[in-house]
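Here is a quick tour for anyone meeting this structure for the first time. Keep the 3D view open while you read.

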Amino acid sequence: MFQPKRQKPTREDNRRLAGIISAFLAVLLATSTISALAETPSPIPTPTSTPSITATPSPTPTAITDPPGFTEPSIDAADSLWVVVNKKRPLNPIKYKPVLDKSLNLSKPAADGFRALKAAVSKAKMGTLCLNSGYRSYATQSYTYNLQVTRYGKKVAENLAAHPGYSEHQTGLAADVSTTALGCRITNFGKSATSNWIAKNAWQYGFIVRYPNGETATTGYQYEPWHLRFVGIELATRMHDQKITVLEKYFKLPAATTY
Ligand SMILES: [Zn+2]
């Protein structure tokens with residue numbers, strides 16, 4: 001067997017070896033210092049708004065983000081996308097008026113959401129979406145409610161119109177929708193394919209069907225397939241993912257069947 005001939009290292013060799021080792025150690029030290037520096041966690045910035053959704057729903061909706069001015073989602077603030085208004089939770093202030101979109105009778109974020117939803121409905125060949133009713137002022141609601149009381153008495157009127165200051169329409173975030181094929185009437189909307197498509201897909205555009213079938217004991221309202229509520233894509237996605245359909249349940253609020 002061949003054995004390589006070993007030579008005794010000379011002093012010169014030793015010096016060279018020492019040089020190499022010290023150079024190597026220097027590089028090692030420098031590298032570890034750099035990596036240690038790199039690993040030093042930079043302070044995590046405090047999020048100014050709620051974290052954005054990382055999961056992209058499929059198909060990818062037209063991107064609309066919750067706009068500035070809504071950075072502090074609150075179920076109490078009248079101008080929050082997350083505000084919960086029901087028979088137990090009037091608007092605060094009670095005569096609140098949102099900043100309205102110039103062409104649609106909805107608050108600005110809801111109007112943008114509606115446009116995106118309408119485009120998606122058209123793209124899915126589900127007809128032309130139209131707005132039957134959007135923002136209603138305290139005064140309008142007051143007039144409507146009192147008219148119904150005069151006509152049918154208080155008991156019946158309670159089921160027909162919300163008390164002024166207690167209607168979600170006053171937030172500017174509620175949209176009663178239908179299609180042009182139905183003359184934009186809400187009556188038969190629930191039987192349409194568009195209604196079915198909206199119930200399945202509207203969350204991707206930040207809308208929920210606010211008064212779903214079978215949730216009257218919680219919402220205090222009969223099934224209203226036409227009444228959509230803009231809550232923003234983030235909350236709509238969370239509710240969709242958690243399979244929670246009503247705001248009262250998501251926010252663990254008491255049922256709101258009576259005033
Ligand atoms: Zn409505």
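What follows goes from the whole chain to the sheet, then to two helices, and ends with a few unusual backbone spots.

**The whole chain**

Before anything else, keep in mind that this is a predicted model. The chain has 259 residues, and buried ones make up 30% of them. Its secondary structure comes to eight helices and four strands. Reading from the N terminus, you meet the elements in the order α-α-β-α-α-β-α-β-α-β-α-α. Take the contacts between residues at least 6 apart in sequence: 67% of these join residues at least 24 apart.

**The sheet**

How are the four strands arranged? They make an open sheet with the order 1-2-4-3, and the pairing is antiparallel. At the edges sit strand 1 (129–133) and strand 3 (207–211), each of which pairs on one side only. Going from one strand to the next, the twist averages 50°.

Now look at the pairings that involve strand 4. Strand 2 (residues 174–179) joins strand 4 (residues 224–230) through three bridges, in the antiparallel sense. One residue to look for here is Ala175, whose bridge partner in strand 4 is Leu228. Strand 3 also pairs with strand 4 in the antiparallel sense, this time over four bridges. There, Ile208 stands opposite Arg229 of strand 4.

Is strand 3, though an edge strand, mostly covered or mostly open? Mostly covered: five of its five residues are buried.

Over on strand 1, try picking out Leu131. Leu131 counts as partly exposed because 17 other C-beta atoms lie within 10 Å, while a buried residue would need 20 or more. If you skip the neighbours within four places in sequence, Leu131 is in contact with Leu104, Asn105, Phe114, Ala175 and Val177. Its C-alpha atom is also separated by 9.3 Å from that of Arg185, a residue 54 places away along the chain.

**Helix 2, across the sheet**

Helix 2 (residues 108–123) lies across strand 1, strand 2, strand 3 and strand 4, and it runs at about 140° to strand 1. It has 16 residues and reaches 23 Å from first C-alpha to last, close to the 22 Å expected at 1.5 Å a residue.

Which residues of helix 2 are buried? They are Pro109, Ala110, Ala111, Asp112, Gly113, Phe114, Leu117, Ala120 and Val121. One of these, Phe114, already came up as a contact of Leu131. The buried residues of helix 2 pack against strand 1, strand 2, strand 3, strand 4 and helix 5 (193–201).

**Helix 5, with two sides**

In helix 5, the buried residues are Thr194, Ser195 and Ile198. Looking down the helix axis, you find them within an arc of 100°, so they line one face of helix 5. Some background helps here: an α-helix has 3.6 residues a turn, so residues three or four places apart point the same way. On the face turned away from the buried side, helix 5 carries the exposed residues Ala193 and Lys200. And what covers the buried residues of helix 5? The cover includes helix 2, strand 2 and strand 4.

**Unusual backbone spots**

Most residues other than glycine have a negative phi, and most peptide bonds are trans. A few places in this chain go the other way, and the table lists some of them.

| Where | Backbone value |
|---|---|
| Asn92 and Pro93 | cis peptide bond, omega about 5° |
| Lys125 | positive phi, about 55° |
| Lys243 | positive phi, near 55° |
| Lys252 | positive phi, near 55° |

To find them in the viewer, start with Pro93, which is in the loop between helix 1 (11–39) and helix 2. Lys125 comes just after helix 2. Further along, Lys243 is in the loop between helix 7 (233–241) and helix 8 (247–250), and Lys252 is in the segment after helix 8.

Are Lys243 and Lys252 buried or exposed? Lys243 is exposed, because it has 6 other C-beta atoms within 10 Å. Lys252 counts as exposed too, with 6 C-beta neighbours inside 10 Å. For both, the cut-off to remember is that 12 or fewer such neighbours make a residue exposed.

Conventions: Residues numbered from 1 in each chain as written. Predicted model: local features only at pLDDT ≥ 70, side-chain atom pairs only at ≥ 80, totals over all residues. Pairing = 2+ DSSP bridges. Helix = DSSP H or I, 4+ residues; strand = E, 2+ residues; numbered from the N terminus. Axes fitted to C-alpha atoms, helices over the stretch in contact; angles between N-to-C directions. Contact = placed C-beta atoms within 7 Å. Expected span 1.5 Å × (residues − 1). Arc of directions from axis to C-beta.
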